[in-house]
Every structure is written in C-alpha cells, then in structure tokens.
Amino acid sequence: QVAPPGTGILQRVNHINDYEYELGQRADNFDLLAESAICLGRSFCDVIGQVGSNWVHCNGTSPYDIVQICDEISAAAGARFFMAGQCLVDGLRAIGAERITVANGYYRPDWSEGINGYLEAAGFEILWAGDLIDQGLVADQAEKLRIEDDTLWDYPNHLMVAAAVDAHQRAPEADAVVQTGAGFRMMQVVDTVEGQIRKPVVASDFALYWAMLRHMGLAAAPGHGHLLSTLS
C-alpha cells in the first residue's frame, strides 16, 4: 500500500510455541530475530523490518544497545535490519520532535512502562502517556481482549483516531503524538488524525515502513501522513 509498485515483500514469523506476546517470551527468544533476518537475507531481501515495538526493551536494552544489535544482525543477514521500537526514535528525531505525548493503545502496563522508558532513554520528554483504559475509551482489560479476539489485533479505525486525538488533547504543547503498538494500523488513519490535531504523528507501523523505504531510497505513496511524506 505504501511502497512503490513492483516492491516485493516476504515475511517470516518467529517459531515460538504458545506465544502470547509476553515480554519474558520475547526476551527468551530474542535470538530468533537474527535467525529470521538471516533467512530473509538469504531470500534476497534488501531490507528487513522487525514488527513489534516492545522487542527493543524486553531485555532491558537501551537505544544505544539496539543500534549495535541492529548493526550486528544486518551484517549477519547481509541486509539492513530495522527494529520497530527504534524506528519510533529515529522517526521522531527526523522530524525534530523533543517533547511527545504517547498513546499506548492496547498495551499492557509492563509494555507501556518499557516502551515509554525506552523513549525517555532516547532523550524525549514525555508530557503525557496512557492507554485506552486511561483515556476512557474502553472499560477495562477484558474489553481490550474481546476486541483483540474479534479483530485478530486489527483494532477499529475509530478507536485509533480517538486515542491519538485524545493523547494530543492531553498535552497539546507536545511536538508530536506517538502511538506505540503495531496492532494499531495507524497508517490508514494518520491523515485523518493529523488533519484534526495539526501535529505530526509517529506510529509503530509506519515508522518502520518509513525507515525501510528511506534506506532503499524510495518515496512513499501519498496520503500516509507527515513522516512518510518526507520521503517524497
């Protein structure tokens, strides 16, 4: 949808039995990221993107550590390797944001604590952060689980828009709104959100696409927000 016509896409899922997206499971299987990247590199991929923002902090790693790890995996795979959580950092830096407000969406408390701490370690000042429950958009964790079961983690557009707009309203002086979870497909609503708040949004899904396309020297298709438009 966002890459130029003719761009080929391959996917490899990590093989983890009974995977429930827990931080401990990610830490225990962190080495599988390199295995998957090497397989994709051998399949002639030129750039590799890792989905899931919380992998960058599941082992207590800092942004500096993750840059080093990405360099090592890139060398082993023979193709540039990007991690989604670090792409949030890189995207914010690219647009000159320093103060941010964070919509943690469907995140569990330990996920929010980890990624918000990672963003602070990268030098950003968080003026406000909260999830859908904090924002009053869902009642409790049970409602989140029902939505995830019904949609296979493809949250409805109205919740994504409401969460990002609310995060802006909580801290309108912030330079940008950050949305931290790839289960929110923000690329499809970012133009709507930015049109309402008049501030840039940097989200987990399209920050990764931005980094990959930028590495390839490719422009993004129009209509997907400010960050991707900087590639045109």
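The following questions and answers walk through a sheet, its salt bridges and one helix in this predicted model.

Reader: Happy to start with the sheet of four strands: in what order do they lie?
Author: The sheet is open, and its strands pair in parallel. Strand 4 (125-131) and strand 6 (201-203) stand at the edges with a single partner strand each, so one side of each has no neighbour in the sheet. On average, neighbouring strands are turned by 20° against each other, direction ignored. The order is 4-3-5-6.

Reader: Thanks! Which residue in strand 5 is the bridge partner of Ile 100?
Author: Strand 3 covers residues 99-105 and strand 5 covers residues 176-179. The two run parallel and are joined by four bridges. For Ile 100, the bridge partner in strand 5 is Ala 176.

Reader: And what angle does the direction of helix 9 make with that of strand 6?
Author: Helix 9 spans residues 204-216 and packs on the sheet. There it touches strand 5 and strand 6. Its direction and that of strand 6 make an angle of about 85°.

Reader: Let's turn to charges. How far apart are the closest N and O atoms of Arg 80 and Asp 71?
Author: A search of the whole structure finds five salt bridges, and Arg 80 with Asp 71 forms a salt bridge. Arg 80 has 26% relative accessibility and counts as partly exposed; Asp 71, at 34%, also counts as partly exposed. The closest N and O atoms of the pair are apart by 2.8 Å.

Reader: How many residues apart in sequence are the parts tied together by Glu 148 and Arg 108?
Author: The side chains of Glu 148 and Arg 108 meet in a salt bridge, 2.9 Å from N to O. Glu 148 is buried at a relative accessible area of 3%, and Arg 108 is buried at 16%. Because Glu 148 lies in helix 6 (residues 141-151) and Arg 108 in the loop between strand 3 and helix 5 (109-121), the pair ties together parts whose separation in sequence is 40 residues.

Reader: Is Lys 144 buried or exposed?
Author: The side chain of Lys 144 meets that of Asp 131 in a salt bridge (3.0 Å, N to O). Lys 144 lies in helix 6 and Asp 131 in strand 4, so this pair ties together parts 13 residues apart in sequence. Asp 131 has a relative accessible area of 9% and is buried. For Lys 144 the relative accessible area is 0%, which is under the 20% cut-off, so Lys 144 is buried.

Reader: Over what arc around the axis do the buried residues of helix 6 spread?
Author: Lys 144, Ile 147 and Glu 148 are buried in helix 6. What covers the buried residues of this helix includes strand 3, strand 4 and helix 7 (157-170). Lys 144, Ile 147 and Glu 148 are on the same side of helix 6, because they cover an arc of only 95°.

Reader: Which exposed residues does the face turned away from that buried side carry?
Author: This face belongs to helix 6, opposite the side just described. The exposed residues found there are Asp 149 and Asp 150.

Reader: Finally, which residue caps the N-terminal end of helix 6?
Author: After the helix comes Leu 152, with a positive phi near 55°. At the N-terminal end, a side-chain oxygen lies 3.3 Å from the backbone nitrogen of Ala 142. The capping residue that supplies this oxygen is Asp 140.

Key
Residues are numbered from 1 along each chain as its sequence is written. This is a predicted model: local features need pLDDT of at least 70, side-chain atom pairs count only at pLDDT 80 or more; totals for chains, interfaces and linings use all residues. Side-chain values use heavy atoms; hydrogens and water are left out. Two strands pair if DSSP finds at least two bridges between them. Axes are lines fitted to C-alpha atoms, for helices over the stretch in contact, and angles run from 0 to 180 degrees between N-to-C directions. Contact means heavy atoms within 4.5 Å. A salt bridge is a side-chain nitrogen of Lys or Arg within 4 Å of a carboxyl oxygen of Asp or Glu. Buried means under 20% relative accessible area, exposed over 50%, partly exposed in between (1.4 Å probe, protein chains only). The arc is that of the directions from the helix axis to the C-beta atoms. A polar contact is a pair of N or O atoms within 3.5 Å; within protein, one must be able to donate a hydrogen and the other to accept it, and residues adjacent in sequence count only if both atoms are side-chain atoms.
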